[in-house]
Structure formats: structure tokens, C-alpha cells
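Me: I want to check how each label is earned. Please set the values against the definitions.

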Amino acid sequence: MAAGDGRLTAAELDERVEAALTARTGGELAALTADLPAGPGQAGSVVGPAKDVVRLDYQGGNATRRGQWVVPARMEIRAVGGTVKLDFTDAVITRPALRIQAYVRGGGVVLVTRPGIEVDADGITVHGGTVRIQPRNGWKEPVLLAVEVSGENHGGRVTARPPRRTFRQWLLREPRPHARSFHD
């Protein structure tokens, strides 16, 4: 599609097709199109600009944001008896900071991070709940997104952690994703 739209010359297309045919991993294939902007209507294209404020209110239910969701400037999260999970591993980051105002009562807020995403949860008032931020000393990579979490936690949990291994990775005793990126 990129060659048909004029974003690649015929010579570049030939080089990339040859590289794709000899690729051995999905990462090698992804690298061949990483520098190309997404065309209109393609799966990788962002649907719209980031919102200023996103409000999530879940009572007794669970919500997950994963994949290529656009990170807003601010989020207001209310999790009562349910869990809100924000997975930043493939998120589209358009701003350098995200402020989360969280009210957790018997539920949870889980932030799945990647290298370059730092979480500061010092602004949370805890009443019988837990707050756990991993990695403790941050990532080695430069900060792409600073997440500041504030609010109240009444008997719930607020967690920031790297992605977990798949069952196959665990079975093969492969290291955790991004394990070498910790300062710990």
C-alpha cells in the first residue's frame, strides 16, 4: 500500500520485499514498516487526537485499555469493587505527562508500563490498601511519559508493573520482558 501511495520507490519496495522474505522473526518484519506513516484507514493509524480528560467510573466491573489507545493529558478513575487496567506497552503517547486522579475502594488500578514510562504514586492517600510501583528505581531509558497518580485508596490496590511473561515464556524460562531495562 505504501508503494502505491508513493511513499516508497520501486527500489525501496524491492529491498523491503527481499528482507521480508528472509526475515526470521516478527520483530524483523515490524522493523521493515516502522518508519512508514500509517495510511488512512490502516490499523496502525490513530483515529483522533488525544482527549484532555478521560473519566472511567467502574463499580463492580473491570475495564482494560490496551493496544494502540491514545494517552490523554489527564484521567479521572473511580474503581469501586472493580479493576481498571491501563496497558501502556503499545499506547500512543502524544504528551510528556499524564495525571491520574484515582479513587479506589476495594478495587484496583493497574498500570502496565514499558521502558521510558515512569510512575509517581506519592500523591495517593492510603487507608488500608496497597501501593506498589515496579521497577522501584525506574527504567534505564529516557522518560517518554511521566505518570503522576494522586487520590485516595481505601482497601484497594494501586500497582504499576512491567508486562508479565506469557505462559510459553515462563515454561521456556525466558526472562521477563524488559528485565534488562530496570535500574534495580
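Me: Which residue of E6 stands opposite threonine 83?

Reply: Glycine 108 in E6 stands opposite threonine 83. This is a predicted model: local features need pLDDT of at least 70, side-chain atom pairs count only at pLDDT 80 or more, and totals for chains, interfaces and linings use all residues. Numbering starts from 1 along each chain as its sequence is written, and side-chain values use heavy atoms, leaving out hydrogens and water.

Me: What makes E4 and E6 a pair of strands?

Reply: Strands are DSSP runs of E with at least two residues, and helices are runs of H or I with at least four, numbered from the N terminus. Two strands pair if DSSP finds at least two bridges between them. E4 and E6 (residues 108-112) are joined by five bridges and run parallel. Five meets the cut-off, so the label holds.

Me: How do you know that E2 pairs with E4?

Reply: Three bridges link E2 (residues 63-65) to E4 in the parallel sense. One of the contacts sets threonine 64 against lysine 85 in E4. In general, strands of a sheet pair through backbone hydrogen bonds, either parallel or antiparallel.

Me: Why is E4 called mostly covered?

Reply: Buried means under 20% relative accessible area, exposed means over 50%, and partly exposed lies in between (1.4 Å probe, protein chains only). In E4 (residues 83-87), four of the five residues are buried.

Me: Where do these strands sit in the open sheet of five strands?

Reply: The order is E2-E4-E6-E10-E8, with parallel pairing. E2 and E8 (130-133) stand at the edges, since each has a single partner strand and so one side without a neighbour in the sheet. Neighbouring strands are turned by 10° against each other on average, direction ignored. The axes behind such angles are lines fitted to C-alpha atoms (for helices, over the stretch in contact), and angles run from 0 to 180 degrees between N-to-C directions.

Me: How many bridges support the pairing of E8 with E10?

Reply: Four bridges, in the parallel sense, support E8 and E10 (residues 157-161). Isoleucine 133 stands opposite alanine 160 in E10.

Me: What makes E9 a partner of both E5 and E7?

Reply: E9 (residues 145-154) shares nine bridges with E5 (residues 97-105), in parallel. Nine bridges also join E9 to E7 (residues 117-127), again parallel. Leucine 98 stands opposite valine 147 in E9. Histidine 127 has histidine 154 of E9 as its bridge partner.

Me: Why is the contact of arginine 95 and aspartate 52 called a salt bridge?

Reply: A salt bridge needs a side-chain nitrogen of Lys or Arg within 4 Å of a carboxyl oxygen of Asp or Glu. Here the closest N and O atoms are 3.3 Å apart. That is within the limit, so the pair counts. The two come from distant parts of the chain, 43 residues apart: arginine 95 in the loop between E4 and E5, aspartate 52 in the loop between H2 (26-33) and E1 (53-59). Arginine 95, at 27%, is partly exposed. Aspartate 52, at 53%, is exposed.

Me: How many salt bridges does a search of the whole structure find?

Reply: Five. Among them is glutamate 76 with arginine 55, whose closest N and O atoms are 2.9 Å apart. Glutamate 76 lies in E3 (residues 74-80) and arginine 55 in E1, so this pair ties together parts 21 residues apart in sequence. Glutamate 76 is partly exposed at 24%, while arginine 55 is exposed at 58%. Arg55, Arg74 and Glu76 are linked in a network of salt bridges.

Me: What makes arginine 78 and aspartate 57 a salt bridge?

Reply: Their closest N and O atoms are 3.3 Å apart. Arginine 78 lies in E3 and aspartate 57 in E1, so the pair ties together parts that are 21 residues apart in sequence. Arginine 78 is partly exposed at 32%, and aspartate 57 is partly exposed at 47%.

Me: Buried, partly exposed or exposed: what is tryptophan 170?

Reply: Partly exposed, because its relative accessibility is 49%. Tryptophan 170 is found in H3 (residues 167-171).

Me: What is unusual to check in phi of arginine 173?

Reply: Phi is near 60°, a positive value in a residue other than glycine. Arginine 173 lies in the segment after H3 and, at 74%, counts as exposed.
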